[in-house]
Structure formats: structure tokens, C-alpha cells
Amino acid sequence: QGDLVESGGGSVQAGGSLRLSCNLSEDAYKSSGCIGWFRRAPGKEREGVAQLVTDGGDRRTRYIDSVKGRFAISQDSAKKTVWLQMDTLQPEDTAMYYCATAPRGFSCLGRSDRYTSWGQGTQVTVSS
């Protein structure tokens, strides 16, 4: 297994919910300053869905407009797991979802280029 392992993807109908999980290795957990969820739909560019600062006591989050109020990123530090709770899913949320980490010491909210370690992804499919 890699440093980041995603799970929880699947197929749901519009309006349904899924919770994605990202399990971090010890090294990934200790070195990360931000953790983010990204997605790439067929024929579209990758976009940063949700990001969470994990450096010290900073716990700021950032979401793209299309998921605000529907998605929530959170972390259980004890279990080294980051979740993405996705509610009221829509067909346009269909994509491969990836978790990624950015190293400590860099501004990372809204900065996809700062994320250097990536998981293999988990597929989310929402049908209308």
C-alpha cells in the first residue's frame, strides 16, 4: 500500500450520500501540512474539491463553490484518516476522487500545485 489509500467510492442515485476515507501512512501523517480531496471527471481538468490545513492548530478549510454546503472534510488524527462526507450528490459530482497531501510550511489552500503525495483514487458515480 501507498502512503495514501482512498476508499468509500461507489454508485448512488442523485440526492444520495457517500463518505470517502483516506488512510494516511505514518510518514504521510507526520509530514503533511494540508490534506485535500480532488476529483477528475472524464474530459475535464482536475479540481480541488475540499482542503484542510493540518499544520499545528490550524484547521482552516476550503471548498469549491459547487460543493459548499454539501461536502465536508474532516480528520481523525488518532486514526490518521481523512474523510469527505458528500451529501445531496448530483450527477455532475461523478468523477474519480483522490486524496493528496501538501508538506508543512507552505500555503496550500487553493494551491493544487503544492500537493505532492497522491492516492490511487476511488470512483464516485451518481446517476440521475
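1. A quick definition before anything else: a residue counts as buried when its relative accessible area is under 20%. Cys108, at 3%, is therefore buried. Keep in mind that this is a predicted model, so treat the points below as notes on a prediction.

2. Cys108 is a good place to start with the disulfides. Its partner is Cys34, with the sulfurs 1.4 Å apart. Cys34 sits in strand E4, while Cys108 belongs to the loop between E9 and strand E10 (117–118), so the bond ties together parts 74 residues apart in sequence. Cys34 is buried as well, with a relative accessible area of 0%. I'd have a look at that S to S value of 1.4 Å beside the one in the next point.

3. The other pair is Cys22 and Cys99, with an S to S distance of 2.0 Å. Again, distant parts of the chain are linked: Cys22 is in strand E3 and Cys99 in strand E9, 77 residues apart. Both Cys22 and Cys99 are buried. The torsion about their S-S bond is about 55 degrees, so this disulfide is right-handed. A search of the whole structure turns up two disulfides, and counting bonded cysteines along the chain gives the pattern 1-3, 2-4.

4. Now the main core. The largest nonpolar core holds 27 residues, and those with the most contacts inside it are Trp37, Val49, Phe71, Ile73, Leu84, Met86 and Tyr97. Strands that give two or more residues to this core include E3 (18–24), E4 (32–40), E5 (47–53) and E7 (71–76); E8 (81–86), E9 (95–103) and E11 (122–127) are also on that list. The top contributor is E3, with four residues. As background, nonpolar side chains tend to be buried together in soluble globular proteins.

5. Met86 is a handy residue to click on if you want to see that core from the inside. Setting aside neighbours within four places in sequence, Met86 touches Gly16, Ser17, Leu18, Leu20, Arg70, Phe71, Tyr97 and Val124. Phe71 and Tyr97 are thus on the contact list of Met86 and, like Met86, among the core residues with the most contacts. A second core, separate from the big one, has seven residues, including Phe38, Ala100, Ala102 and Cys108.

6. Phe38 deserves its own paragraph. Phe38 is buried, at 0% relative accessible area, and takes part in an edge-to-face pair with Tyr115: 5.0 Å between centres and 70 degrees between planes. That pair spans 77 residues, from strand E4 for Phe38 to the loop between E9 and E10 for Tyr115. Tyr115 is buried too, at 4% relative accessibility.

7. Phe38 also pairs with Trp118. Here the ring centres are 4.8 Å apart with the planes at 55 degrees, so the pair is tilted. Trp118 lies in strand E10, 80 residues away from Phe38 in strand E4. At 27% relative accessibility, Trp118 is partly exposed, whereas Phe38 is buried. A search of the whole structure finds two aromatic pairs, and ring pairs join Phe38, Tyr115 and Trp118 into a cluster.

8. Two charges over rings are worth a look. Arg46 lies over the face of Phe38, 5.7 Å from the ring centre, which adds a charged neighbour to the ring discussed above. Elsewhere, Lys80 has its charged end over the ring of Tyr29, at 5.0 Å from the centre.

9. Ser21 is a polar residue to check in strand E3. At 14% relative accessibility, Ser21 counts as buried. Its side chain makes a polar contact of 3.4 Å with the side chain of Trp83. Beyond neighbours within four places in sequence, Ser21 is in contact with Val5, Glu6, Ser7, Trp37, Thr81, Val82 and Trp83. Trp37 in that list is also one of the residues with the most contacts in the largest core.

10. Last, a backbone item. Most residues other than glycine have a negative phi. Thr88 goes the other way, with a positive phi of about 50 degrees even though it is not a glycine. Thr88 is in the loop between E8 and E9 and is partly exposed, with a relative accessible area of 41%.

Notes
Residues are numbered from 1 along each chain as its sequence is written. Side-chain values use heavy atoms; hydrogens and water are left out. A nonpolar core is a set of buried Ala, Val, Leu, Ile, Met, Phe, Trp, Tyr and Cys residues joined through side-chain atoms within 4.5 Å. Buried means under 20% relative accessible area, exposed over 50%, partly exposed in between (1.4 Å probe, protein chains only). Contact means heavy atoms within 4.5 Å. A disulfide is a pair of cysteine sulfur atoms within 2.5 Å. A polar contact is a pair of N or O atoms within 3.5 Å; within protein, one must be able to donate a hydrogen and the other to accept it, and residues adjacent in sequence count only if both atoms are side-chain atoms. Rings of Phe, Tyr and Trp (its six-membered ring) pair if their centres lie within 6.5 Å; planes under 30 degrees apart count as stacked, over 60 as edge-to-face and the rest as tilted. A charge sits over a ring if NZ of Lys or CZ of Arg is within 6 Å of the ring centre and within 35 degrees of the ring normal.
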